[in-house]
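Here are my notes on the two-chain model you sent over. I've kept them as numbered points, so you can go through them with the structure open.

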Amino acid sequence: MNSLLTIACAVCGAGEDPAKGSYVGMTLIISALPLAMLGGIIWYVVRAAKKAELAENAQQAKTDGRA
Amino acid sequence: MSVQEPRKPVLPNAVLGTLFFVVAEVMLFSGMISAFTISKAGALPGTWPMPGQPRLPAEATALNTALLILSGIVLIVAHRLYKSKNPVAHWVTLASWALGTGFVALQGVEWWTLLNAGMTLKSSPLGGFFYLIVGGHALHAVIALVALFMAWVKMARGTLSPGFFFGTQTFWYFVVLMWPVIYARVYF
């Protein structure tokens, strides 16, 4: 009965929100997740492009050496 | 004057497109899991799950989870075989598809059992979240399985383009990797 009265009172539970930690945690995750995912894709594409360029330059140098 | 050949893209367009789609889908599931987590944390003691509602079969679902993860591993093997032009690749792809189908079928059995036990979309907040999150994942799994089956047919006929196969794989890996997160959050 006590707990029901507490729920009915708008301010009795103030500062004791059991979901507060979850709110903060999920806000942090949801804020960081898109940045991390898009950052990951950009990082991967840039790294792959650099690798491809290095391989291309090496191939070009090989061809020039033969000629 | 020599004409320079166009550069090969570092990432196939199909994979890049699927990746951006996957990012959006991850955020969709993150939003739902976030709402679930906060609702569960704020529930009054003894009301999650609601009295009279069935418990989620976490132990039985471990088998489904194992099937799905195995399916992802088998698809990685299929990818390697496909890249090395091994003719066995399409059978391995089919094995991955069969394991994924097994996961969806077992999920169907689980839903049927839960519905018969009285857990519906409207019976409790847990029921609502369960069918929304797990149902959303199942829908993605079914779409990915259709794409994977198409990839298998094309591979067997020799008409499969690498872009289609890699794009399908990207989507399937999303389905596989998203599941353990859902399983850990919703079932326990």
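1. How many helices and how many strands are there in chain A? Chain A has two helices and zero strands. Keep in mind as you read on that this is a predicted model. Of the 67 residues in chain A, 9% are buried. The surface that chain A exposes comes to about 5,400 Å², with 67% of it supplied by carbon and sulfur atoms.

2. A residue to look at in chain A is Lys20(A), which sits in helix H2, a helix covering residues 20-66. Lys20(A) counts as exposed because its relative accessibility is 56%, and the cut-off for that label is over 50%. If you want a feel for distances here, go from Lys20(A) to Ser31(A): that is eleven residues in sequence and 16 Å in space, C-alpha to C-alpha.

3. Now chain B. Its secondary structure amounts to five helices and zero strands, so to speak an α-α-α-α-α pattern when you read along the sequence. The C-alpha trace of chain B spans about 80 × 35 × 20 Å along its principal axes. Chain B has 188 residues, and 45% of them are buried. Its accessible surface is about 9,800 Å², and carbon and sulfur atoms account for 72% of that. Take the contacts in chain B with a separation of 6 or more: 79% of them are between residues 24 or more positions apart.

4. On to where the chains meet. The contact draws on 19 residues from chain A and 18 residues from chain B. Together the two chains bury about 1,600 Å², and 82% of that area is on carbon and sulfur atoms. Three residues, Arg7(B), Val10(B) and Ile38(B), supply 33% of what chain B buries against chain A, more than any other three residues.

5. What about charge and polarity across that contact? Between chain B and chain A the count of salt bridges is zero. Residue pairs in polar contact, with both at pLDDT 80 or more, also come to zero. On the side of chain B that touches chain A, the residues divide into twelve nonpolar, five polar and one charged.

6. For a close look at the contact, try Ser34(B). This serine is placed in helix H1 of chain B, residues 13-42. Ser34(B) counts as buried because its relative accessibility is 9%, and the cut-off is under 20%. Leaving aside neighbours within four places in sequence, Ser34(B) is in contact with Met26(A) and Ile30(A).

7. Helix H1 of chain B also holds Glu25(B). Is Glu25(B) buried or exposed? Glu25(B) is buried, because its relative accessibility is 12%. Not counting residues up to four places away in sequence, Glu25(B) touches His140(B) and Phe174(B). Glu25(B) and Met178(B) are 153 residues apart along the chain, with 9.8 Å separating their C-alpha atoms.

8. Two loop residues in chain B deserve a check of the backbone. Pro49(B) lies in the loop between H1 and helix H2 (58-83), and the peptide bond leading to it from Trp48(B) is cis, with omega near 0°. Lys85(B) is in the loop between H2 and H3. The phi of Lys85(B) is near 60°, a positive value in a residue other than glycine. With 73% relative accessibility, Lys85(B) counts as exposed.

9. Last stop: His90(B), in helix H3 of chain B, which runs over residues 89-116. His90(B) has a relative accessible area of 16% and is therefore buried. Which side chain does the side chain of His90(B) make a polar contact with? The partner is the side chain of Trp91(B), at 3.3 Å. Once neighbours within four places in sequence are left aside, His90(B) is in contact with Trp152(B), Met155(B) and Ala156(B).

Key:
Residues numbered from 1 in each chain as written. Chains lettered and ligands numbered in written order. Predicted model: local features only at pLDDT ≥ 70, side-chain atom pairs only at ≥ 80, totals over all residues. Heavy atoms only, no water. Contact = heavy atoms within 4.5 Å. Buried area = accessible area lost by both parts, 1.4 Å probe. Salt bridge = Lys/Arg side-chain N within 4 Å of Asp/Glu carboxyl O. Polar contact = N/O pair within 3.5 Å; in protein donor to acceptor, adjacent residues only side chain to side chain. Nonpolar A, V, L, I, M, F, W, Y, C, P; charged D, E, K, R; others polar. Helix = DSSP H or I, 4+ residues; strand = E, 2+ residues; numbered from the N terminus. Buried < 20%, exposed > 50% of the residue type's maximum accessible area, 1.4 Å probe, protein only. Areas by Shrake-Rupley, 256 points an atom, 1.4 Å probe, with all protein chains shown as cover.
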